[in-house]
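Student: Got a minute to go through this one with me? I'd like to start with the charged pairs.

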Amino acid sequence: MSLTLSLSLIALVLVCAIIQRVAGMGLGIVFAPYAVVLIGAHEGIMLANLLGGLVPVVMLPRIWSQIEWGKVLRLGLPAIAVMPFAAWLSSISPPAPLYLVVSTLVLLSLVISLLLARVHTTVDGVPLQIGTGVGIGLGTVLGGVGGPAATVYAVLSRWPALPMVATLQPLWILVSFVSFGSKLAWDDGQLPDMPVWVWAAMLGSLVLAVGLGEALQQKLGELGIHRLVIVLGFIGAALSLWTGLRLLLG
């Protein structure tokens with residue numbers, strides 16, 4: 001691995017971890033597509049899954065008191081329940097149609113949720129949370145985008161920003177590590193072969209990102225965080241759609 005590539009990956013991890021500390025999501029949405037281009041599809045997704053579980057672990061001590069554990073269970077258990085099936089399905093199906101279907105459904109869901117939000121409709125409850133969890137699990141494995149499903153739920157339920165950011169972190173730990181294990185079991189996934197100093201620098205950037213992200217979060221405020229979450233949802237769906245089209249067209 002060249003020095004330029006190594007430094008690019010470290011910088012990408014830092015930026016994406018800062019975004020995740022601010023908005024509660026972002027590492028998987030932003031990091032994965034670029035990592036796939038830089039180091040290849042299988043290794044890029046595996047690295048994204050690993051880091052997607054490590055970033056929330058680093059954040060937990062700072063956000064523990066704001067986590068809504070009931071929502072963690074109602075979102076997380078359905079997500080991890082469907083992920084082995086999704087991993088099996090992705091291993092026997094052409095990837096391009098999966099990316100296209102998932103991204104199209106996510107984009108439609110985002111648009112509908114924003115339209116409902118404009119008429120001041122608030123929707124919440126256990127069925128919606130379970131459905132969101134299923135969407136997160138399927139989207140993460142089939143299309144590499146679990147965040148947009150959480151964005152739809154946040155918009156519909158008008159979830160306050162700071163509890164949302166905190167509650168999503170245990171969820172990403174569950175989803176990322178289950179996805180990591182599922183790909184190892186079904187798809188022979190492997191991590192990239194990187195020097196020890198690159199791994200150490202990535203871990204160091206995660207710690208640095210927590211402090212930088214907190215400072216930025218305070219400047220943005222509640223409305224700014226919600227807007228960032230919505231933008232990230234659309235970015236994730238659009239990148240997944242682009243990946244599907246690129247695979248389809250060769």
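Tutor: Sure, let's talk salt bridges, then a helix and a surface patch; keep in mind that this is a predicted model.

Student: How many salt bridges are there?

Tutor: The count comes to 3 salt bridges. In one of them, the side chains of Arg21 and Glu214 meet at 3.3 Å, N to O. Arg21 sits in helix α1 (residues 3-23) and Glu214 in helix α9 (residues 196-249), so this pair ties together parts 193 residues apart in sequence.

Student: Is Arg21 buried or exposed?

Tutor: Buried, at 5% relative accessibility. Glu214 is buried as well, with a relative accessible area of 14%.

Student: And which salt bridge does Arg62 make?

Tutor: Arg62 pairs with Glu214, at 2.8 Å, N to O. Arg62 belongs to helix α3 (residues 41-63) and Glu214 to α9, so the parts tied together here are 152 residues apart in sequence. Arg62 counts as exposed, at 56% relative accessibility.

Student: What about Lys71?

Tutor: Its side chain meets that of Glu68 in a salt bridge of 3.4 Å, N to O. Shared partners join Arg21, Arg62 and Glu214 into one network.

Student: Switching topic: how many residues of helix α7 are buried?

Tutor: 11 of its 11 residues, 147-157. Tyr153 and Leu156 are among them. After α7 comes Arg158, with a positive phi near 55°.

Student: Last one: which residues form the nonpolar patch on the surface?

Tutor: Val101, Leu105, Leu108, Ile112 and Leu116, with about 450 Å² of accessible area together. Leu108 lies in helix α5 (residues 95-118).

Key: Residues numbered from 1 in each chain as written. Predicted model: local features only at pLDDT ≥ 70, side-chain atom pairs only at ≥ 80, totals over all residues. Heavy atoms only, no water. Patch = residues over 30% accessible without salt bridge, like charges linked within 9 Å, V, L, I, M, F, W, Y side chains within 5 Å. Areas by Shrake-Rupley, 256 points an atom, 1.4 Å probe, with all protein chains shown as cover. Salt bridge = Lys/Arg side-chain N within 4 Å of Asp/Glu carboxyl O. Helix = DSSP H or I, 4+ residues; strand = E, 2+ residues; numbered from the N terminus. Buried < 20%, exposed > 50% of the residue type's maximum accessible area, 1.4 Å probe, protein only.
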